[in-house]
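Morning, everyone. Please bring the model up on your screens, and we'll walk through it together.

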Amino acid sequence: MAISNIQLGLLDLSRTRLALAFVGLLAIAVPAHAEPQTMVIGYLGEQRKLPLPLGPLDEAVTDDGLQGARLGIADDAGTGRFLGQQFRLQERVLKPGEAPAEAVNAFAAAGISFVVADLDAAQLLQASAAPGAERMTLFNSRDPDDSLRQENCRRNVLHTVPSRAMLADALAQYLVWKGWQHWFLLTGPHPDDLAMAAAFRRAAARFGAQITIDKPWTFRPANGRADTGHVTLQTEIPAATQVGDYDVLVVADEADEFGAYLDGRTALPRTVAGTQGLVATGWSAVDEEWGATQLQDRFHKLAGRWMLPSDYAAWLAVRSVGEAATRLHSLDPTAIAKYLRSDDFLLAGFKGQGLSFRPWDGQMRQPILIAGPRLLVSSSPQPGFLHQRTPLDTLGIDLEESACKF
Amino acid sequence: MQILTTLLLVLVFGPPAAAETIYVSNEQDNTVAVVDGATMTLQAAIDVGRRPRGMALSVDKKTLFVAEGDDNRIDVVDLAKRQVVGQLPSGADPEFFVVHPDGKRLFVANENDNQVSVVDIAGAKIIGTVDVGVEPEGMAISADGRTVACTSETTSMVHLIDATALELIDNLLVDTRPRAAAFSVDGKQLWVSSEIRGTVTIFDTATRAQTGKIEFEVPGIRREGVQAVGIEMSRDGATAYVALGPANRVAEVDTKTFTVRRLYLVGQRPWHVALSGDQKQLISANGNSGDISFIDLENREVVKSLPVGRGPWGVVIGP
């Protein structure tokens with residue numbers, strides 16, 4: 001395309017006029033003869049063991065992440081059809097234990113430059129090092145692992161899913177804003193739980209909360225769905241939470257094994273927050289603010305279920321490519337990869353303000369939702385938490401503390 | 001002769017004093033607040049459907065149409081009775097709409113259906129639809145009634161629609177998440193606000209080329225916090241007023257030079273603004289502080305904040 005090399009934001013007026021006249025021409029001309037260009041975006045997922053459904057309302061979901069990427073393609077096509085740009089998703093789901101290198105290679109052979117990497121950290125690092133990946137941008141839409149933004153950061157990886165540090169900071173700001181500064185931190189046994197607990201400890205120190213009680217969860221994961229299962233829990237949970245006074249119980253249970261049993265059963269009458277109860281999350285089906293109603297409705301129509309955080313992160317990845325293509329009037333992958341990382345990039349993500357990528361570690365800046373089980377409770381950053389660049393950088397690993405070296 | 005007499009009366013006595021009424025849609029209260037413009041006091045709250053946002057007066061100014069987003073309809077409010085007297089179909093999730101100058105039709109943006117619906121007012125039925133981009137939002141109609149402009153938020157475009165043939169004339173790319181559209185008084189320009197970029201883009205309606213872009217800088221507020229939403233044009237064509245959302249400001253813009261003359265500090269999150277008939281007062285509907293701000297444009301100051309309900313969104317001034 002003739003104007004593909006134009007750097008938006010540096011346009012002078014006459015060139016803008018030219019570009020827009022060209023756009024108008026295209027919109028009219030497309031149905032007649034112009035041949036639309038196509039951008040193929042890769043989706044690389046992996047089959048996961050389904051978690052045990054905790055309660056009867058829980059639905060098993062096998063296509064989370066993938067459906068978000070599909071909706072992103074549909075939304076990209078919305079603008080694309082007026083600009084002569086088509087978008088297509090090439091989907092590949094790894095079998096359990098399958099290494100990602102071959103899939104990355106196939107994507108590279110197909111000329112794919114942007115891949116939604118819906119992978120766990122180990123797989124993501126393998127994918128980013130696979131031959132062919134050096135010319136790609138992989139979007140981490142799944143793993144919140146802070147090390148992926150720190151010592152394990154990669155030049156060819158951007159992160160649309162929030163890090164654990166961002167989630168913990170968002171929750172901490174809300175709890176401190178509420179004046180709930182004394183926390184009882186209860187941590188599950190798995191490495192992910194320990195990592196989340198570390199993020200909560202870091203957040204408490206940053207925002208002036210105190211972890212007055214810090215305990216591991218040592219009970220076996222109970223199955224509350226057994227007949228009269230509540231009887232066991234009704235004696236077990238008060239025993240497990242029999243501690244000194246605190247304001248709020250912060251739970252780190254990413255595997256969802258015990259956290260949901262806490263609310264309404266603690267020894268002291270206290271709110272439960274963290275991975276269950278009041279949760280900090282990149283996305284929640286309860287959100288309908290900032291125009292989110294329309295996104296939720298579109299997603300539900302497409303997928304037949306609610307939009308999950310992994311769907312939203314995948315949607316953000318695909319929309320980022322589409323937004324860059326719109327602003328550049330071009331599908332040139334080199335230009336798009338550069339523009340994504342530039343100061344001018346701003347994505348509308350139904351969170352009330354533009355989203356962009358941090359240049360120091362590739363993490364997408366974004367407000368974090370504080371959600372209850374049925375309704376949105378708040379959104380962080382909270383008022384009063386200031387930052388010299390943007391309040392969004394009060395969440396997560398900031399430039400000055402970054403250990404990332406590309 | 002009658003026109004001449006009226007003109008003379010106006011010249012001699014000046015325009016009638018502000019015996020005007022301000023109507024504000026409260027999207028969280030499901031009401032339309034009625035405010036007396038002269039005394040700046042709240043007179044009544046009219047119960048309407050769920051999540052009222054966009055509003056417009058009928059051509060004879062006796063009726064107020066109110067879009068009810070969560071009820072998928074438009075309520076018809078009799079302003080003398082101050083109550084809902086009828087309903088019009090609107091298509092799904094109506095947010096903003098315009099009344100055609102012929103007084104017979106409404107053009108409604110259906111945010112959830114990616115289309116614009118045309119509603120026949122007398123027959124209370126939808127007589128046509130036009131497919132547009134994803135999440136249509138802002139609506140404007142040219143004074144000659146020929147062209148309808150519709151913004152689509154996720155597509156980042158303004159769509160120009162032939163109001164008679166109901167066909168797309170053109171689709172113009174604008175900045176991210178466009179909200180409002182407004183034609184200049186002479187019809188030669190189309191102004192489109194962008195929420196995420198915090199800009200207003202101006203197009204020449206004849207050539208459809210971009211002729212200007214306005215950026216708003218608010219001291220002490222980062223660019224994410226400056227978002228352009230509602231636009232109101234002064235009748236003399238010299239000034240445009242732009243609500244800046246979370247920046248809690250309304251900008252006064254010179255329409256010749258596209259420069260910002262001044263910023264007015266209003267309540268929290270102004271969505272839309274409207275001018276009084278005598279053009280001396282500007283009212284902003286402030287979504288987060290639940291009030292409206294009265295701006296005295298002669299003395300260039302905000303003179304009053306009046307609580308009107310929860311979630312003020314649209315504002316319309318009538319007799």
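Which residues of helix 5 of chain A are buried? Keep in mind that this is a predicted model. The buried ones start with R164(A), A165(A), M166(A), L167(A), A168(A) and D169(A). Then come A170(A), L171(A), A172(A), Q173(A), Y174(A) and L175(A). That is 12 of the 15 residues, so helix 5 of chain A is largely enclosed by the rest of the structure.

What covers those buried residues? Helix 6 (191-207) of chain A is part of the cover. Strands contribute too, including strand 8 (248-252), strand 9 (271-274) and strand 10 (278-281) of chain A. Strand 14 (368-371) and strand 15 (376-380) of chain A are also among the covering elements.

Now the geometry. Helix 5 of chain A runs over residues 164-178 and reaches 21 Å from its first C-alpha to its last. That is close to the 21 Å expected at 1.5 Å a residue. G179(A) follows the helix, with a positive phi near 85°.

Next, domains. The assignment for chain A gives domain 1 (13-162 + 284-366) and domain 2 (165-281). Their C-alpha centres lie 32 Å apart. In the contact between them, 8 residues of domain 1 of chain A meet 8 residues of domain 2 of chain A. The domain 1 side has 5 nonpolar, 1 polar and 2 charged residues.

Last, the chain contact. Chain A puts in 20 residues and chain B 23 residues. On the chain A side, helix 1 (13-29), helix 2 (66-83) and helix 8 (292-303) each supply at least two residues. Helix 1 of chain A gives the largest share, 7 residues. By class, the chain A side has 7 nonpolar, 10 polar and 3 charged residues.

Conventions: Residues are numbered from 1 along each chain as its sequence is written. Chains are lettered from A and ligands numbered from 1 in the order in which they are written. This is a predicted model: local features need pLDDT of at least 70, side-chain atom pairs count only at pLDDT 80 or more; totals for chains, interfaces and linings use all residues. Two residues are in contact if their C-beta atoms, placed from the backbone, lie within 7 Å. Helices (H or I, at least four residues) and strands (E, at least two) are DSSP runs, numbered from the N terminus. Ala, Val, Leu, Ile, Met, Phe, Trp, Tyr, Cys and Pro count as nonpolar, Asp, Glu, Lys and Arg as charged, and the others, Gly among them, as polar. The expected span of a helix is 1.5 Å times one less than its number of residues. A residue is buried if 20 or more other C-beta atoms lie within 10 Å of its own, exposed if 12 or fewer, and partly exposed in between; C-beta atoms are placed from the backbone. Domain bounds come from an automatic or database domain assignment.
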